[in-house]
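The following note is offered to a colleague who is meeting this structure for the first time. Please read the numbered points with the sequence and the model in view.

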Amino acid sequence: MERALPGAIVTLKDVAAASGVSISTASRALDERTPSRSAAAIHVRKIAEELGYRRNSFASSLRRGETRTLGVLVPRLSDTVMALMFEELEKAASARGYFAMVATSGDDPEDERSAAETLLDRNVDGLILATARLDDELPRRLRERRVAHALVLRTDGISPSALGDDEIGGYLAVRHLIDLGHRDIAVVTGPAFTSTGTARLAGARKALSEAGIQPREEWLIAAGYGIENGYSAGETLLGHTAGNRPTAIFAANDNIAMGVIAAAHHHRIEIGKDLALVGYNDIPLAARLSTPLTSVRVPLDQIAATAIDLIMNPGKEPRIRKSLPTLIPRESSGAPKHFPR
């Protein structure tokens with residue numbers, strides 16, 4: 001069968017006629033929302049491909065009062081985890097016949113609300129937020145307005161949420177350090193307004209408590225999630241003589257860990273020998289550092305698929321779904337023989 005001439009528009013009517021079926025049957029066969037595997041539907045799709053037919057998803061979505069578009073709000077795309085999260089959300093949305101568009105908030109509540117309204121003004125069918133704060137008003141407002149939405153990576157504890165189990169992740173990181181023989185352990189976590197920061201610290205505290213270790217409160221630092229925050233915390237923790245500084249640090253994301261590495265280098269402290277270090281998120285760079293970083297891996301692909309499912313099936317339980325993290329041990333946490341007990 002010949003394809004249409006360049007510039008010619010192949011209509012649904014053309015596909016139906018060439019396939020020997022009604023227009024409504026052809027439309028159902030080509031509807032990506034409910035792909036049929038029947039012989040007739042496969043035949044129609046084959047004919048459509050041969051003719052060069054392109055389904056106008058935008059027009060058909062407008063007829064249904066939909067745009068097949070999801071808005072994604074992240075603090076910043078310069079953060080590797082947020083960029084990777086958006087990529088996975090984009091893939092998961094595409095697999096369901098949706099397009100994802102992104103906006104950033106800089107982790108500022110006012111900018112977050114403004115960006116969300118901008119996305120809603122574009123008639124998105126739902127919002128996915130990676131920006132939630134524990135004291136955030138935006139998820140509450142979305143619930144009141146009955147806007148389809150899901151939170152990813154962070155949660156306010158109420159709205160539909162897809163995230164890693166951060167408490168288990170924090171526990172795994174610090175338990176690993178304890179198992180290596182450490183007792184002088186510091187934790188540099190994220191801001192107190194994030195569920196990730198509070199839950200990872202709670203997991204760390206649980207591991208310390210189980211081991212009978214009373215943490216030094218000045219070694220439990222709530223910082224931001226940037227490299228510069230890790231550097232500042234590292235300077236605070238490591239700018240002392242050997243007996244007055246921690247032998248191990250759990251950094252609640254890999255950016256913080258890289259800042260700690262820079263501070264350690266400044267003080268001529270060797271990671272993996274003089275200081276054990278564990279990060280979180282296992283970004284691609286973690287395994288490629290000069291001393292590969294032990295990190296807690298979070299299944300972003302699984303979280304993305306869950307978030308899309310929460311948008312598509314808003315009444316489905318549970319509303320808050322947590323994916324299990326995995327500890328990936330590497331050289332940065334060293335070996336027991338290197339550390340004083």
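1. Strand 1, residues 69-74, and strand 3, residues 126-129, are joined by four bridges and run in the parallel sense. One residue pair serves to locate this pairing: G71 has L127 of strand 3 as its bridge partner. Please bear in mind throughout that the model is a predicted one.

2. The pairing just described belongs to an open sheet of six strands, ordered 2-1-3-4-5-11 and paired in parallel. Which strands form the edges? They are strand 2 (99-104) and strand 11 (320-323), each of which pairs on one side only. From one strand to the next, the twist averages 20°.

3. Two helices that lie across the sheet strands should be noted. Helix 6, residues 109-121, lies across strand 1, strand 2 and strand 3, and its direction makes an angle of about 170° with strand 1. Helix 12, residues 300-312, lies across strand 1, strand 3, strand 4 (149-152), strand 5 (161-164) and strand 11. The angle of helix 12 to strand 5 is about 170°.

4. Two loops next to these helices contain backbone features that merit inspection. In the loop between strand 2 and helix 6 lies D107; its phi is near 60°, a positive value in a residue that is not glycine. The loop between helix 12 and strand 11 holds P318, and the peptide bond leading from E317 to P318 is cis, with omega near -5°.

5. Attention may then turn to the largest pocket, whose volume is about 370 Å³. Its lining comprises 21 residues, and those nearest the centre are D79, M82, R154, Y225 and N253. Which elements give two or more residues to this lining? They are helix 5 (80-95), helix 9 (195-210) and helix 10 (227-238). By character, the lining of the largest pocket divides into seven nonpolar, eight polar and six charged residues.

6. The final point concerns charged side chains. Side chains of opposite charge can pair when their charged atoms come close. Across the whole structure, 18 salt bridges are found. One of the salt bridges joins E88 to K91, with 3.7 Å between the closest N and O atoms. How are E88 and K91 placed in helix 5? They are three residues apart in that helix, and therefore about one helical turn separates them.

Technical notes
Residues are numbered from 1 along each chain as its sequence is written. This is a predicted model: local features need pLDDT of at least 70, side-chain atom pairs count only at pLDDT 80 or more; totals for chains, interfaces and linings use all residues. Side-chain values use heavy atoms; hydrogens and water are left out. Two strands pair if DSSP finds at least two bridges between them. Axes are lines fitted to C-alpha atoms, for helices over the stretch in contact, and angles run from 0 to 180 degrees between N-to-C directions. Contact means heavy atoms within 4.5 Å. On a 1 Å grid over the protein atoms alone, a cavity is a set of points where a 1.4 Å probe fits but cannot get out, and a pocket is an open set with protein on both sides within 12 Å along at least five of seven lines; lining residues have an atom within 4 Å of a point. Grid points are joined across faces, edges and corners, and a volume is the space filled by probe spheres set on the points. Ala, Val, Leu, Ile, Met, Phe, Trp, Tyr, Cys and Pro count as nonpolar, Asp, Glu, Lys and Arg as charged, and the others, Gly among them, as polar. A salt bridge is a side-chain nitrogen of Lys or Arg within 4 Å of a carboxyl oxygen of Asp or Glu.
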